[in-house]
Amino acid sequence: MKMQEIREGVGSLWGSVSDGWTRLRQSAAGALTRFKPGDKSELPVQADIDDDAWLPGLSWAMLGGDVFEDDKRVVVRIEAPGMCKTDLDIEVIGDELVVRGEKRFERESSEGRWRMLQCAYGSFHRSVPLPAAVLSDQAKASYRDGVLRVELPKAQRGQPKVRQIQVN
């Protein structure tokens, strides 16, 4: 194999990794959410866990979301598995949908040790930018199968008005 072929291969690999990292960073930037131990988190004590990487105050998780818009509404879906709908607090602040909640740790009923803890537990705050003005007092939310769905009617329905402007 020639040195030039090796250089081209390494350059191609680096370009692919770089593009993938950039895409992941851009798409996941809003979804990366910090979980902080809360009053009701009920996390285990460090002595009950063998996972050296587990730090209860430094939990992060991806709360991925989708935003859909049509001429009448904006629909936001956020993946928030392992929670109850009563654990979620939703409000519109300015041009953002803000979701707060607390994911509680569930203890096993038998004696034993935790070998690995990768799920995030505690209170969290996730903001989703809204692409249009909405009527927050008419919003509807549902939570099913670990997905929160919030439907927000648009403040100005329909197509934008078009007005021809003459050039003098």
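**Exercise 1.** Find the residue that stands opposite Tyr143 in strand 9, then place that strand pair in its sheet.

*Solution.* Start with the pair itself: Tyr143 sits across from Leu148 of strand 9. Quick housekeeping before going on: this is a predicted model, where local features need pLDDT of at least 70, side-chain atom pairs count only at pLDDT 80 or more, and totals for chains, interfaces and linings use all residues. Residues are numbered from 1 along each chain as its sequence is written, and side-chain values use heavy atoms, with hydrogens and water left out.

Next, the strands: 5 bridges join strand 8 to strand 9 (residues 147-153), and the two run antiparallel. Strands here are DSSP runs (E, at least two residues), numbered from the N terminus, and two of them pair if DSSP finds at least two bridges between them.

Now zoom out. The open sheet has 4 strands in the order 3-4-9-8, with antiparallel pairing. Strand 3 (65-69) and strand 8 (140-144) each have a single partner strand, so one side of each is left without a neighbour in the sheet. The twist averages 15 degrees from one strand to the next, with axes being lines fitted to C-alpha atoms and angles running from 0 to 180 degrees between N-to-C directions.

**Exercise 2.** Work out which parts the salt bridge between Arg73 and Glu151 ties together.

*Solution.* First, the contact: the closest N and O atoms of Arg73 and Glu151 are 3.3 Å apart. That fits the criterion, a side-chain nitrogen of Lys or Arg within 4 Å of a carboxyl oxygen of Asp or Glu.

Second, the location: Arg73 belongs to strand 4 (residues 73-79) and Glu151 to strand 9, so the pair links parts that are 78 residues apart in sequence.

Third, the surroundings. Arg73 is partly exposed at 24% relative accessibility, and Glu151 is too, at 26%; buried means under 20% relative accessible area, exposed over 50%, partly exposed in between (1.4 Å probe, protein chains only). Finally, Asp70, Arg73, Arg149 and Glu151 are linked in a network of salt bridges.

**Exercise 3.** Is Asp87, the salt-bridge partner of Arg104, buried or exposed?

*Solution.* Take the bridge first: Arg104 and Asp87 meet at 2.4 Å, N to O. Arg104 lies in the loop between strand 6 and strand 7, and Asp87 in the loop between strand 4 and strand 5, so the pair ties together parts 17 residues apart in sequence. Now check accessibility: Asp87 is buried, at 14%, while Arg104 is partly exposed, at 27%.
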